[in-house]
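These are my notebook entries on a structure that I went through entry by entry. I recorded what I looked up and what I found.

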Amino acid sequence: MARTTPKTDWADGELVTAAHLNAIGENLAAVRNLGLAVGTTTAEIVEIHNPNNAFINVDSVNLNLTILTFGGDVLAHFHGAIDPRGDDRVCRFDIEVDGTRLGGDTGIMAARPKYDRGVCFTRLVQNLSPGSHTFNLQWKHREIRLLAGAQFWVREI
């Protein structure tokens, strides 16, 4: 069900009709069914060499999410395990929304080379317009491995 604009111009003595009650019910149903998309990696992802050390999509298939929103705020969350390789042990993550990277990347440093490290962060994306929005998880690292089973989700709040 879609959200409808609630009646706000009530007059004294005006009766509540079935249409008014239906509109309230539709709005409650819409709130219970806000946009949600979940993606999980199905296999290990290895980024061998990112020569420009630029932000790139982690997984354009499983971690490329689209939701339909009423407009407002969205939470984006990622959790998974990484293995940064080589001398540069810092991996940076960010989120791209509708083709624009948000900035304010999250830097994760592995404690020791060649050991898996759990990564988890949640990001609030504010003031999105109503409609369809695409979210991509991005990372920046010269050499890295992401274990299978990592999850990225977005939810309108």
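Entry 1, terms and conventions. I took a salt bridge to be a side-chain nitrogen of Lys or Arg within 4 Å of a carboxyl oxygen of Asp or Glu. I worked on a predicted model, in which local features need pLDDT of at least 70 and side-chain atom pairs count only at pLDDT 80 or more, while totals for chains, interfaces and linings use all residues. Residues are numbered from 1 along each chain as its sequence is written, and side-chain values use heavy atoms, with hydrogens and water left out.

Entry 2, overall layout. I took helices (H or I, at least four residues) and strands (E, at least two) as DSSP runs, numbered from the N terminus. I counted one helix and 12 strands in the protein. Read from the N terminus, the order of elements is α-β-β-β-β-β-β-β-β-β-β-β-β. I used buried for under 20% relative accessible area, exposed for over 50% and partly exposed for values in between (1.4 Å probe, protein chains only). By this rule, 36% of the 157 residues are buried. I defined a contact as heavy atoms within 4.5 Å. Of the contacts with a separation of 6 or more, 80% involve residues 24 or more positions apart.

Entry 3, salt bridges. How many salt bridges does a search of the whole structure find? I obtained six.

I looked first at aspartate 83 and arginine 145, whose closest N and O atoms are 3.3 Å apart. Aspartate 83 lies in strand β5 (residues 72-84) and arginine 145 in strand β11, so this salt bridge ties together parts 62 residues apart in sequence. I noted aspartate 83 as buried, at 5% relative accessibility.

Arginine 145 also forms a salt bridge with glutamate 44, with 2.9 Å between the closest N and O atoms. Because glutamate 44 sits in the loop between β1 (36-40) and β2 (45-47) and arginine 145 in β11 (residues 144-146), the pair ties together parts 101 residues apart in sequence. Is arginine 145 buried or exposed? I found arginine 145 buried, with a relative accessible area of 13%, whereas glutamate 44 is partly exposed at 44%.

I then examined arginine 123 and aspartate 94, which form a salt bridge with closest N and O atoms 3.1 Å apart. This pair links distant parts of the chain, 29 residues apart, with arginine 123 in strand β9 (residues 117-128) and aspartate 94 in strand β6 (residues 90-97). Arginine 123 is partly exposed at 21% relative accessible area, and aspartate 94 is buried at 1%. I also recorded a network of salt bridges that links Lys7, Asp9 and Glu14.

Entry 4, partners of β5. I counted two strands as paired if DSSP finds at least two bridges between them. Strand β5 runs antiparallel to β9, with 10 bridges joining them; leucine 75 stands opposite leucine 124 in β9. Strand β5 is also joined to β12 (residues 151-156) by six bridges, again antiparallel, and histidine 79 has glutamine 151 as its bridge partner in β12. With β11, β5 pairs in the antiparallel sense over three bridges, and isoleucine 82 stands opposite leucine 146 in β11.

Entry 5, nonpolar core. I defined a nonpolar core as a set of buried Ala, Val, Leu, Ile, Met, Phe, Trp, Tyr and Cys residues joined through side-chain atoms within 4.5 Å. The largest such core has 26 residues, and Phe78, Phe93, Phe135, Phe152 and Val154 have the most contacts inside it. The elements giving two or more residues to this core are β4 (64-69), β5, β6, β9, β10 (131-140), β11 and β12. Not counting residues up to four places away in sequence, phenylalanine 135 touches, among others, Ile67, Val74, Ile95, Phe152 and Val154.

I also looked up isoleucine 67, which is placed in strand β4 and is buried with a relative accessible area of 3%. Leaving aside neighbours within four places in sequence, the contacts of isoleucine 67 include Leu36, Val74, Phe135 and Val154. Isoleucine 67 and leucine 34 are 33 residues apart in sequence, and their C-alpha atoms are 9.2 Å apart.
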